[in-house]
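Work through the exercises below with the sequence and the 3D view open. Each task is followed by a solution in steps.

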Amino acid sequence: QCDWSSDVCSSDLGSIVPDATANNRQFTVSATGNLVAAGDLGSATAMFYNMTLGASAMQISQTTNLYVYNDQFLNLPINNNNNAATLSLNIKAGRHISFGTSSSISATNGALNVLLQADTNSNGNGIIVFQGSGITTNGGTFTTGANTSITSNGQTFLTGGDVYFNRNSGTLTIDTSSGSGGGNITLYGEVLAAVPGGMKIGRAH
């Protein structure tokens, strides 16, 4: 496991390669075991340049923020299955956020509020690509983008929330319901979907 708050990692992690310059550090994890997110990776003022995370799974043990100046690539299940508290997962990238085919986001104990925000530079160059099996928040919210916009040729466009749901096979579910209700689903951008088995987006009322 890897405790990001202290940068102490056991041997089940492959590589972590940051350099010392803010906004110009690469962060890569390739692990055969599980990761535990016990703090933020980067900050709003000192971001990694690119980030790649791959492992058997990643457990969210507290509210976690992932910051990159350029691209995020995540190819692992992310979950809040052990903590009864409501936690938040905020993934932000200056350009693109990509989830691979082995990815998913889920919560089965406490709720998990999920924010995916691409194009934090608000220059119109950034999209979210989700190729995973689904997102279930157990009553937490699911949001893409932050209601930011850019004006070009007299037209105003939302930035950072465009999302492309893409799977080669099977279904894809976005579910924010829980036993006592459901979290809001807010998509600040355009949505494209290519899912052969169909896609379900919903929350309990």
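The exercises go from the whole chain to single pairs and residues.

The model is predicted, so local features need pLDDT of at least 70 and side-chain atom pairs count only at pLDDT 80 or more, while totals for chains, interfaces and linings use all residues. Residues are numbered from 1 along each chain as its sequence is written, and side-chain values use heavy atoms, with hydrogens and water left out.

**Exercise 1. The whole chain**

Task: State the secondary structure content, the buried share and the exposed area of the protein.

Solution.
- Step 1. Take helices (H or I, at least four residues) and strands (E, at least two) as DSSP runs, numbered from the N terminus. The protein then has zero helices and 25 strands.
- Step 2. Call a residue buried under 20% relative accessible area, exposed over 50%, and partly exposed in between (1.4 Å probe, protein chains only). Of the 205 residues, 43% are buried.
- Step 3. Compute accessible areas by the Shrake-Rupley method with a 1.4 Å probe; for residues, only the protein chains shown count as cover. The protein exposes about 9100 Å², and carbon and sulfur atoms supply 45% of that area.
- Step 4. Define a contact as heavy atoms within 4.5 Å. Among contacts between residues at least 6 apart in sequence, 64% join residues at least 24 apart.

**Exercise 2. The nonpolar core**

Task: Find which residues touch the most other members of the largest nonpolar core.

Solution.
- Step 1. Collect buried Ala, Val, Leu, Ile, Met, Phe, Trp, Tyr and Cys residues joined through side-chain atoms within 4.5 Å; such a set is a nonpolar core.
- Step 2. The largest set has 38 residues, and L53, L74, I78 and F99 touch the most other members. Strand β10 gives the most to this core, with four residues.
- Step 3. Look at I78 in detail. Leaving aside residues up to four places away in sequence, I78 touches M58, I60, L89, F99, S104, I105 and S106.

**Exercise 3. Strand pairing**

Task: Trace the partners of β13, and then those of β19.

Solution.
- Step 1. Two strands pair if DSSP finds at least two bridges between them.
- Step 2. β13 (residues 112-117) is mostly covered, with five of its six residues buried. Six bridges join β13 to β10 in parallel, and N113 in β13 is the bridge partner of S88.
- Step 3. β13 also runs parallel to β16 (residues 142-144), with three bridges. Here L116 has T144 as its bridge partner.
- Step 4. Three bridges join β14 to β19 (residues 163-166), again in parallel, and F130 stands opposite F165. β19 pairs in the parallel sense with β24 (residues 191-194) over four bridges, where A193 is the bridge partner of F165.

**Exercise 4. Aromatic pairs**

Task: Count the aromatic pairs and classify two of them.

Solution.
- Step 1. Rings of Phe, Tyr and Trp (its six-membered ring) pair if their centres lie within 6.5 Å; planes under 30 degrees apart count as stacked, over 60 as edge-to-face and the rest as tilted. The count comes to four aromatic pairs.
- Step 2. The ring centres of F27 and F48 are 4.9 Å apart and the planes stand at 65 degrees, so this pair is edge-to-face. F27 is in β3 (residues 25-30) and F48 in β5 (residues 48-54), so the pair ties together parts 21 residues apart in sequence. Both F27 and F48 are buried.
- Step 3. F99 and F130 lie 5.1 Å centre to centre with 50 degrees between the planes, a tilted pair. F99 in β11 and F130 in β14 (residues 128-130) are 31 residues apart, and both are buried.
- Step 4. Add F165: F99, F130 and F165 form one aromatic cluster.

**Exercise 5. The salt bridge**

Task: Locate the salt bridge and describe the cover of each partner.

Solution.
- Step 1. Search for a side-chain nitrogen of Lys or Arg within 4 Å of a carboxyl oxygen of Asp or Glu. The structure holds one salt bridge.
- Step 2. The partners are D71 and R95, with the closest N and O atoms 2.6 Å apart. D71 is in the loop between β7 (64-68) and β8 (72-75), and R95, 24 residues apart from D71, is in the loop between β10 (87-93) and β11 (97-99).
- Step 3. D71 has 18% relative accessibility and so counts as buried; R95, at 29%, counts as partly exposed.

**Exercise 6. Positive phi**

Task: Compare the cover of D119 and S122.

Solution.
- Step 1. D119 has a positive phi near 50 degrees, and S122 also has a positive phi near 50 degrees.
- Step 2. D119 lies in the loop between β13 and β14, as does S122.
- Step 3. D119 is buried because its relative accessibility is 2%. S122 is partly exposed because its value is 25%.
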